[in-house]
Amino acid sequence: LNSPGPEGTTLRFRFVAPGIAEGGGVDFETAAADMLALCEGYALPRLSDFGAAPAQVVISLSAEPVAFGVTAPDVAQFFESYSIVDGGCQWEMF
């Protein structure tokens, strides 16, 4: 929550997903569907915990833990951004 995105307040939900590592068996298409499910099933129910509605929700998957903002070119990471529209997550292109 502490780093605003280009559209304003951004909530980031970061998950470790070893399956996205090379040879892990989870491709981007599958991970993208998982990130949408995490936005709708995990992030949305928690938005009220943070006060005002965010302008954006970012879901990230990382093959292993990586500190926020740290470059780790050897670790697979996927990010998706969503707007909250009519109570659901609407994908936004970065």
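Is the link of Cys 39 and Cys 89 left-handed or right-handed about the S-S bond? In this predicted model, the link is left-handed, with -85 degrees about the S-S bond. The pair bridges distant parts of the chain. Cys 39 lies in helix α1 (residues 28-46). Cys 89 lies in strand β4 (residues 88-92). The two cysteines are 50 residues apart. Their sulfur atoms are separated by 2.0 Å. The structure holds 1 disulfide.

Both ends of the link were assessed for accessibility. Cys 39 has 0% relative accessibility and therefore counts as buried. Cys 89 has a relative accessible area of 10%, so this residue is buried as well. The cut-off for burial is under 20% relative accessible area.

Strand β4, which carries Cys 89, pairs with strand β3 in the antiparallel sense. This pairing comprises 5 bridges. Within it, Ser 83 has Gln 90 of β4 as its bridge partner. β3 and β4 form a hairpin, with 2 residues between the strands. Asp 86 sits in the turn and has a positive phi of about 50 degrees.

On the pairing of β3 with β2, the strands again run antiparallel. Strand β2 spans residues 56-62, and strand β3 spans residues 77-85. They are joined by 6 bridges. Val 58 is partnered with Ser 81 of β3. Strand β3 thus pairs with β2 and with β4. The disulfide ties β4 to helix α1 through Cys 89 and Cys 39.

Key. Residues are numbered from 1 along each chain as its sequence is written. This is a predicted model: local features need pLDDT of at least 70, side-chain atom pairs count only at pLDDT 80 or more; totals for chains, interfaces and linings use all residues. Side-chain values use heavy atoms; hydrogens and water are left out. A disulfide is a pair of cysteine sulfur atoms within 2.5 Å. Helices (H or I, at least four residues) and strands (E, at least two) are DSSP runs, numbered from the N terminus. Buried means under 20% relative accessible area, exposed over 50%, partly exposed in between (1.4 Å probe, protein chains only). Two strands pair if DSSP finds at least two bridges between them.
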